[in-house]
Structure formats: structure tokens, C-alpha cells
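Good morning, everyone, and thank you for making time for this. I would like to walk through one protein chain slowly, so please keep the picture in view while I talk.

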Amino acid sequence: MAILPIQIHGAPVLHEPAAPVVDFDDSLRALVDDMFETMDAAPGVGLAAPQVGVGKRLFVYSYTNDDGSAWRGVVINPVLYMTPPPAGVPDEDEESEGCLSFPGERFPLRRSEHVVVTGVDLDENPVEIRASGWRARILQHEFDHLDGTLYIDRLDSAYDRILLRIVRKRGWGAPGVSWNPADERLED
């Protein structure tokens, strides 16, 4: 297994729809293993293939529930069903998100409270996940990556100037910029 470089905002693979996975082979298994290792090293709660430079429709997730139980897996060729997000302004404390492809920043974003994700696992067995709350947020965030959308693309336009300043200051927004969790850990 290997820790892979994580692409930063501006990498073309992050801003275009990912292709369906058609080959369920050893290289796919190796990619998923590397994605879990990369996500854990970052540390993150989810990681989509485009974030490691692979334009394929899959993501991994890992979250420890309030009761201490682990929620971890992979979804390949997912489909997302969700209730509409509630109207209103997102709460900065309860609804803020971060992203390994826009590292070190958090912004409030209203998401749907309930989702269903279907797809398959590495053995092409059907997967169906019904999630609420924080787990629903994770699934929506990772699914967005597969459609070429970063969470910052969904923010209220009031954040446009702040985002632009961050991108300019850090030299992001162009192809070829990445970071490797093996070399550094980002803390929110």
C-alpha cells in the first residue's frame, strides 16, 4: 500500500465528471487500499478517486460514530438520492465542512439531512447506505467530487472574495499542485 498525493483545487481531474469503473481487477483493489491509507494518513473521513488523480467513480469513507463503532467502506459507481436541504443560512459551528483538496480551510454549507447511496463494492456486490446527519454530509461531499464539484463550488457567493484570496496566496487553482499526507499532516 502507498500514501498517494492529494490533488489541490485547480487540478483538472477535480473539476470534471469521473468515468464509471468498468474493470474490477487487482489494480482497482490496490487503488482502494491506497485510498484508505491516504485518507487515514491525511487524516480525513472520506476520499474520492479524483482527489488522488484518478478520474473514476469511487470513494472511500471512514467515520467513528458517537458510540465508538466504526463506519468504513467503499462505494463504486454510486448513485445519490437525497431530500432537499432545509432552507436558510448554514450554522457556522454545526454545518462547516473542510476538504483535503482545499486543505486547512472550513466553510459553512447547508447539506441534505438524509441520503441514500447505492452502488457496488469491490466484489461487485450491491451496496445501499441510508445515512443522516454527519454521515449524510460525508456521502454528499464525496459524491460531489465524482461530478467535478468541490464543496467550495456550493458556497454562498459571499465567500467568493475570501476563496479567491486563499487560492492566490497559496498558489492553488492551477494543474500540478498537490500535497502528500506522508510528508505532512493537515489539522483543521
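Before I describe how the helices lie, I should say what an angle means here: axes are lines fitted to C-alpha atoms, for helices over the stretch in contact, and angles run from 0 to 180 degrees between N-to-C directions. Please also keep in mind that this is a predicted model.

With that definition in hand, look at helix 2, residues 133–146, which lies across strand 2, strand 3, strand 4, strand 7 and strand 8, and which runs at about 160° to strand 3. Helix 1, residues 26–41, lies across strand 2, strand 3 and strand 4, and its angle to strand 3 is about 40°.

Now let me step back to the whole chain. The protein chain has 3 helices and 9 strands, and, read along the sequence, these follow the pattern β-α-β-β-β-β-β-β-β-α-α-β. The radius of gyration is 16 Å, close to the 16 Å that the globule rule gives for 188 residues, so the chain is as compact as a globular protein of that length. Along the principal axes, the C-alpha atoms fill a box of roughly 45 × 35 × 30 Å. Of the contacts with a separation of 6 or more, 70% are between residues 24 or more positions apart.

Next comes the sheet that those two helices lie across. It is an open sheet of 5 strands, in the order 2-3-4-7-8, with antiparallel pairing. Its edge strands are strand 2, residues 46–48, and strand 8, residues 126–132, each of which pairs on one side only. From one strand to the next, the twist averages 40°. Within this sheet, strand 3 (residues 58–64) and strand 4 (residues 70–82) pair in the antiparallel sense over 7 bridges, and Leu58 stands opposite Ile76 in strand 4.

What, then, is buried? Buried residues make up 48% of the 188 residues in the chain. In general, nonpolar side chains in soluble globular proteins tend to be buried together. Here, the largest nonpolar core has 37 residues, and those with the most contacts inside it include Met35, Leu47, Leu58 and Val60. Helix 1, strand 3, strand 4, strand 6 (102–108) and helix 3 (160–170) are the elements that give two or more residues to this core, and helix 1 gives the most, with 6 residues. If you would like one residue to follow by eye, take Val60, which touches residues including Val32, Met35, Phe36 and Met39, as well as Leu47 and Val74. There is also a second, separate core of 16 residues, which includes Val127, Ala131, Ala136 and Phe143.

Helix 1 deserves a second look. Its buried residues include Leu28, Leu31, Val32, Met35, Phe36 and Met39, and also Asp34 and Thr38, and what covers the buried residues includes strand 1, strand 2, strand 3 and strand 4. At 1.5 Å a residue, the 16 residues of helix 1 should span 22 Å, and the end C-alpha atoms are 22 Å apart, which agrees.

Finally, is Pro17, in the loop between strand 1 (6–7) and helix 1, buried or exposed? Since exposed means over 50% relative accessible area, and Pro17 has 62%, Pro17 is exposed. Leaving aside neighbours within four places in sequence, Pro17 is nonetheless in contact with Leu146, Asp147 and Gly148.

Definitions and conventions:
Residues are numbered from 1 along each chain as its sequence is written. This is a predicted model: local features need pLDDT of at least 70, side-chain atom pairs count only at pLDDT 80 or more; totals for chains, interfaces and linings use all residues. Side-chain values use heavy atoms; hydrogens and water are left out. Two strands pair if DSSP finds at least two bridges between them. Helices (H or I, at least four residues) and strands (E, at least two) are DSSP runs, numbered from the N terminus. Contact means heavy atoms within 4.5 Å. Buried means under 20% relative accessible area, exposed over 50%, partly exposed in between (1.4 Å probe, protein chains only). A nonpolar core is a set of buried Ala, Val, Leu, Ile, Met, Phe, Trp, Tyr and Cys residues joined through side-chain atoms within 4.5 Å. The expected span of a helix is 1.5 Å times one less than its number of residues. The radius of gyration is taken over C-alpha atoms; the globule rule is 2.2 Å times the number of residues to the power 0.38.
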